[in-house]
Amino acid sequence: MNITPVDQTESWQDLVDHAQELNDVTIADHFAADQARVEKLSHQAAGLYVDFSKNRLTPQTLDLLVALAGEVGLTGHRDAMFDGRRINQTENRAVLHTALRRPSGDVVTVEPIGGDSGDEISEDPAHDSANDSETNVVDEVHEVLDQMATFANRVRSGDWTGATGKPIEAVVNIGIGGSDLGPMMAHRALRPYGRPPHSGRELETRFISNIDPADVFESLLGLDPETTLFVVVSKTFGTIETLTNARSARQWLLDGLTEAAGGEVDAAVEGAVALHFVAVSTNAERVAEFGIDTANMFRFWDWVGGRYSVASAVGLSLMIAIGPDNFRAFLDGMHEMDEHFRHAPLAENLPALMGLVSLWYTNFLGAETQAVLPYSDHLSRFPAYLQQLEMESNGKGVDRLGRTLNIDTCPVVWGEPGTNGQHAFYQLIHQGTRTVPADFIGFVHASDPVGNHHDLLMANFFAQTEALAFGREHDDPQRRFSGNRPTTTIMADRLDPTTLGRLIALYEHKTFTMGVIWGINSFDQFGVELGKEMATAIEPELTSDSELDHDPSTNQAIAHYRSRR
């Protein structure tokens, strides 16, 4: 059914007019005009404190944005997602990453093929519920979680041994995209929970993703083939980067074991792959062809998108590193935010408000980027994780009906941890010519307390948001800070598994909110395909003398490469 483009709605025009009214009003002006501003624009839910008061908006702005969300039916789309409707229409799939963290005993079913998953989403969840399918996906999820926990405990206890009988000391995750960014980011964030006192035995955990040979070479340096376990993550077990790296890792393993056996290829070496490799995949045939025992294949489902998959078996390396109990706490944090997003009114709904505020800057104030600035070194990979989450989801120029959009969609997401970023790009945020909305993420307690380091870190956290908002007058224009630079403050007590889960789900649902309002499908990613298809055709040309049939620039670049190989 035809839908009205969002920029043609009455609510959109109200926001255009409102933005013009606020054009010359600064953040400092807003604070001067409303003594209760902080109370009105800050919220606490699911263990997070979020303060929107240092943004270029008013409570009326949020009211108008919530009205826009109501006009496009955000809550109906939200309920359709949670109910298992096939809201990923281009691939005819449900979107049920939220089912990965539902507690045992819950019931979620996938809308059967041929169900009513059109663009007209009812505001009545009962109308859109798809409970006529027979399979409860939550039961399947917990079967896999139990399988993962059993395996993780065997590796962590030393019960799982390699080909020579030695326990595993290092786990190497091989994947790309969401099969790498999610578990790598979460492992970095939760490293303290993989060592005593949170864990009985710390395992070395590494990640290989890039097809650049330097990645696999550097990642395997210093490891012992006899005590190394590989987790190969590929839904189809056909991702070229992942399989290329996995084959190189397999050869490294066999060469190392052969050398340890004095150059003899004995029975232990021949059967080593099954003891040193496991798979996260749905393709049992290809897994078996590689040499992996399919009993050690951990499955997931087509309703789990890669960038939403860290809560699935894709997180196996993370579970091994931090233990099943901490992994389940991670899932519990996600579920807590899921429930908040699902049930809280939009005016008090943290993910919805995050999405609406970002949309305000993107579509009404002309911002082109979004900075994410965690004041935690353990969250150093969180901005990179969000780059995929937001830009692969919403980096699109057509709506769900294939119509070209006449409005901007996803901003460029970027960032680094404080205080490092303060000595790099904060100059541009403070005094540059562009508006850069920034999320500041901080914690009351340090993950690894050392002296007064954390108080100094957080003093910078608070100072930066204040300086950006209010600036400083100075007679010298070089030393003048105009202020009026928008920030959102996000705080939690500490970065533990539960809090990380809450943060991930917060940004997942923020991304969903923005996609719904723009009218796009946030759950396909056809934009990653063309370059990869062309690379497959070009690769054999690099080692041959075949005639080249590309554009002149590409032809010349390939010829240069050939001549200097």
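Which residue's side chain meets that of E169 in a salt bridge? R201 does, with an N to O distance of 3.4 Å. Keep in mind that this is a predicted model.

## Salt bridges across the chain

Let's stay with that pair for a moment. It links distant parts of the chain, 32 residues apart: E169 sits in the loop between α7 (137-157) and β3 (170-174), while R201 sits in the loop between α8 (178-189) and β4 (204-208). E169 has a relative accessible area of 38%, so it counts as partly exposed.

The full count for the model comes to 24 salt bridges. Another one joins the side chains of E508 and R101, at 2.5 Å from N to O. E508 belongs to helix α20 (residues 497-518) and R101 to the loop between α5 (74-82) and α6 (125-128), so this contact ties together parts that are 407 residues apart in sequence. Both E508 and R101 are buried.

## A charged trio around α15

Now for a salt bridge inside a helix. The side chains of R342 and E339 meet at 3.8 Å, N to O. These two are 3 residues apart in helix α15 (residues 324-343), which means about one helical turn separates them. As background, an α-helix has 3.6 residues a turn, so residues three or four places apart point the same way.

E339 is partly exposed, since its relative accessible area is 25%. The story doesn't end with the pair, either: salt bridges with shared partners join D83, E339 and R342 into one network.

## The α5 helix

Is α5 mostly covered or mostly open? It's mostly covered, with 9 of its 9 residues buried. The buried set runs through L74, T75, G76, H77, R78, D79, A80, M81 and F82. Just after α5 comes G84, which takes a positive phi of about 90°.

## A negative patch

On the surface, E10, D14, D17, E21 and E71 form a negative patch. Helix α1 (residues 10-21) supplies the largest share of the patch, 4 residues. E21 is found in this helix, α1. With 56% relative accessibility, E21 counts as exposed because the cut-off for that label is over 50%.

## Sheets and a hairpin

How many strands form the open sheet, and in what order? There are 5, arranged β4-β3-β5-β6-β7, and the pairing is parallel. At the edges you'll find β4 and β7 (297-298), each pairing on one side only. Looking further in, β3 and strand β5 (residues 228-233) run parallel and are joined by 5 bridges. In that pairing, N173 stands opposite V231 in β5. If you're tracing side chains here, remember that in a regular strand they alternate between the two faces of the sheet.

Elsewhere, strand β1 (residues 42-45) and strand β2 (residues 48-51) pair in the antiparallel sense over 4 bridges. H43 stands opposite V50 in β2. The hairpin of β1 and β2 has 2 residues between the strands, and A46 takes a positive phi there, near 50°.

## Backbone oddities

Most residues other than glycine have a negative phi, and most peptide bonds are trans. That makes a few spots worth a look.

F237 has a positive phi of about 55° although it isn't a glycine. You'll find F237 in the loop between β5 and α10 (240-260). Its relative accessibility is 4%, so F237 counts as buried. N484 is another residue other than glycine with a positive phi, this time near 60°. The loop between α19 (453-470) and β11 (487-492) holds N484.

As for cis peptide bonds, one joins P196 and P197, with omega at about 5°. P197 is placed in the loop between α8 and β4. Another cis bond joins G418 and T419, where omega is about 10°. T419 lies in the loop between β9 (412-414) and α18 (426-431).

## One glycine and a long distance

Finally, G271 is found in the loop between α11 (267-270) and α12 (273-276). Its relative accessible area is 35%, so G271 counts as partly exposed. How far apart in space are G271 and K510? They are 47 Å apart, C-alpha to C-alpha, and 239 residues apart in sequence.

Methods:
Residues numbered from 1 in each chain as written. Predicted model: local features only at pLDDT ≥ 70, side-chain atom pairs only at ≥ 80, totals over all residues. Heavy atoms only, no water. Patch = residues over 30% accessible without salt bridge, like charges linked within 9 Å, V, L, I, M, F, W, Y side chains within 5 Å. Areas by Shrake-Rupley, 256 points an atom, 1.4 Å probe, with all protein chains shown as cover. Salt bridge = Lys/Arg side-chain N within 4 Å of Asp/Glu carboxyl O. Lys, Arg positive; Asp, Glu negative; His and termini not counted. Charge placed at Lys NZ, Arg CZ, Asp CG, Glu CD. Buried < 20%, exposed > 50% of the residue type's maximum accessible area, 1.4 Å probe, protein only. Pairing = 2+ DSSP bridges.
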